[in-house]
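Got your viewer open? Here is a tour, stop by stop, with something to select at each one.

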Amino acid sequence: SIFVNLKSRLFRLIQSSKNNSAVSIAAANAATILNTARIDMSYQNWDKINIPHAILDHALLEGTSFKEAILDNVSFFRACLRDANFTNASVNQINFGEYGHLKGHSDYVFSVHFSPDGNRIVSGSGDKTIRLWDASSGKQLLCLEGHSDSIFCVQFSPDGNRIVSGSADKTIRLWDASSGKQLQSLQGHSDIVTYVQFSPDGSKIVSSSWDTTIRVWDASTGKDLLCLYGHSNYVYSAQFSPDGKRILSGSWDTTIRLWDALSGEELQHFGGHSDNVNSVQFSPDGKKIVSGSYDTTVRLWDVSTGTQLFCLEGHSAEVFFVQFSPDGEKVISGSNDKTIRLWDVSSGKQLQSLDGHSEHVFSVQFSPDGNRIISGSADKTIRLWDPSTGKRFQSLEGHSDSVFSVHISSDGKKIVSCSSDKTIRLWDALSGKQLQSLEGHFSYVNSVQFSPDCSKIASGSSDRTVRLWDAFTGQQLQCFQGHFDIVGFIQFSPDGNRLASCSVDRTIRLWNILSGEEIQSFDHLEITYSVHFSPDGNRIVTGSFDSIVRVWDIASGKEILSLEGHSGFIFSVQFSPDGSRIVSGSNKTICLWDASTGKQLLSLEGHLDDVYSVQFSPDGKRIISGSSDKTIRLWNAFTGKQILCVEGHSNTVKSVQFSPDGNKIVSGSWDTTIRLWDLSSASAADDGKQSLSNVNKKPILWKCIWQGGSCLSLKDSTWKDAKGLTFLQMSVVEKYGGTF
């Protein structure tokens, strides 16, 4: 009996905290419980509520008003706070799940480094300055000027009292980390200084240069002690071993070399990279080496034998920097592909990809305790990351990269999604809980679909395969091989016995589900991105990069209709439930066609960018579309009038689908989330008579029920006079579209 009307009682408890601070802990617990139960808390009037320490991770709080509320220490990790109002709210030590970024440099940030105690950060930039920052608040403490050209490397001394810097002005400089005063200028290199580092005891400095040498300096006197020759091209990285007895170097001659730090003798030569080596580092125990290269790979080496342990592939462009975690169990890498990636040293597997920089990442580093990561980028920002929450997000809360396709089972109970993170995930359609993660593809998974009887899942991937999975156990049943390029889209036949797939190899192939054999192949003149069976299973329709929609007779394998009218790539095609019409989506336009004659019936216009997904409702009366303009739009399938336009995703909407009863829509986006929307009350507007002036109003009829996976959403949230935000937190609000 104590649980009767629990939900409404919990909401009342939160409301009661407005006038009674004595119930603040209970109110915070009530909000946490509602959120854990995946209850939608959007559009609430929560002005002046008092819920310190509430856990609202992944919460749906769109449009909720928190004016003058006490929200100290509340966790909003990956929460949806779009249009929320935090005016005059107390938000001391709130958690967004990311640290934000430090702004101040006016050019590329080439190097970043934590102080030994983790309390400060030093950065070097193309703007010729070195800046010192408070790592907690993001406040700039000092700006050091003296170099006459770009600064490529900065680092604290082991005791944190000095800073060393290397520059394109060919000098190395030492600075007092407290006052910012320049202590020394070391000259000897005849070209750009690319890297500098203190020895473990702080008595020496090692440097590398475009002059192809590595030099060792006395950190007290500035005397040039040793010059190491051997590389035949620019040396971009030089490192002392943990015991200070050896030096490791990486060069654009594609080699890694090991040297005796006292004699300068070359001890070992590591070859394996096929392009410039930009960064090298010893593991904390000195037994392994990690290297990053222009060949896009990160490699792990055994120091004693010189053998390569792992070649870590995942970056799509040059790797600029690599580093071991303090415990030696992970490696971090920064790349020209704008991402930071986290790797497991023991297995060589990628753990995480951190996206946020808008330009290439030059420098990455773990904090001394391993709980934070700092990065410097060509986008002129320094960003802080929490690898523990990032890992949690990937392993427990959904996709870690763009969602390419979503599909609801025919009984409406489950949703399947796939992503560029190479996984397929299964979700409970009622609660939004992730049920399973299916792994097996070696590259992006571009398309997924349930079989008509819900017992199987099919997937198509950039690894050129089509795979069949058991929807209950997650076990892989079949791997269909035959395509020799990316598989873009797959679909089951209405009877569930066949599977159609289309590919960048310009073919459409039909497969037998039971035997795994290829039944038929249709040759296309251009890349085909979408395929769909007619309701009777006798025809298929395809959409192509040549702007033509084609209809094929399966029995004869012949093309029977060619529908021309689009002016760009066709990303999505579908037959109507009765098979009499075809809908297609292209660049900004959606076209309806007569499936018998090929005559164009309607052209639906409203999207501002490419239309990636279109689908008829189960009754054929409506059409849903998803686009690169980040919106989902609902259309009358007979008049072509736009009924609703909904915003919510923060990136391209790649896939949309109706539920079997037509009352819900599921969407998948490049923002890594899957959203389920309630359309049950939208039928009143579904008469095609809604005026255009009402089309773009805030979505009251169209309500997001749950969000699978998630990304922080702060667009149009208001933070005027909010109390307690740090510089770093303000940068997060600004980054995601909040205003002050």
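The stops below run from a hairpin to pockets, salt bridges and ring pairs.

**Before you click**

You're looking at a predicted model, where local features need pLDDT of at least 70, side-chain atom pairs count only at pLDDT 80 or more, and totals for chains, interfaces and linings use all residues. Residues are numbered from 1 along each chain as its sequence is written, and side-chain values use heavy atoms, with hydrogens and water left out.

**Stop 1: a hairpin**

Select 548-553 and 559-564: these are strands E43 and E44, paired in the antiparallel sense over five bridges. Strands here are DSSP runs of E, at least two residues long, and helices are runs of H or I, at least four, numbered from the N terminus; two strands pair if DSSP finds at least two bridges between them. Click on Arg550 and look across to E44, where Ser562 is its bridge partner. Five residues sit between the strands, and Gly557 in this hairpin has a positive phi near 80°.

**Stop 2: the largest pocket**

Now select Arg341, Gln350, Ser420, Asp421 and Lys422. The largest pocket has a volume of about 1200 Å³, and of its 36 lining residues these five are the closest to its centre. A pocket is an open set of points on a 1 Å grid over the protein atoms alone where a 1.4 Å probe fits, with protein on both sides within 12 Å along at least five of seven lines; lining residues have an atom within 4 Å of a point. Volume is the space filled by probe spheres set on the points, which are joined across faces, edges and corners.

Which strand gives the largest share of this lining? Colour E25 (350-355): that strand supplies five residues. Overall, the lining divides into six nonpolar, 18 polar and 12 charged residues. Ala, Val, Leu, Ile, Met, Phe, Trp, Tyr, Cys and Pro count as nonpolar, Asp, Glu, Lys and Arg as charged, and the others, Gly among them, as polar.

**Stop 3: the second largest pocket**

This one holds about 1000 Å³ of space. Select His407, Gln449, His532, Gln574 and Gln615, the closest to its centre of the 48 residues in its lining. The lining here splits into 24 nonpolar, 23 polar and one charged.

**Stop 4: salt bridges**

Go back to Asp421 and add Arg425: their side chains meet in a salt bridge at 3.8 Å, N to O. The rule is a side-chain nitrogen of Lys or Arg within 4 Å of a carboxyl oxygen of Asp or Glu, and it gives 17 salt bridges. Buried or exposed? Asp421 is buried at 15% relative accessibility, and Arg425 is buried at 4%. (Buried means under 20% relative accessible area, exposed over 50%, partly exposed in between, with a 1.4 Å probe and protein chains only.)

Next, pick Asp463 and Arg467, bridged with their closest N and O atoms 3.5 Å apart. Then add Glu266 to Asp253 and Arg257: shared salt-bridge partners join these three into one network.

**Stop 5: ring pairs**

Rings of Phe, Tyr and Trp (its six-membered ring) pair if their centres lie within 6.5 Å; planes under 30 degrees apart are stacked, over 60 edge-to-face, the rest tilted. That yields 30 aromatic pairs. Select Phe66 and Phe76: their centres are 6.4 Å apart and their planes at 65°, so the pair is edge-to-face. Both Phe66 and Phe76 are buried.

Finish at Phe320 and Phe362, with centres 5.2 Å apart and planes at 45°, so this pair is tilted. Phe320 lies in E22 and Phe362 in E26, 42 residues apart. Ring pairs link them into a cluster whose members include Tyr108, Trp210 and Trp252.
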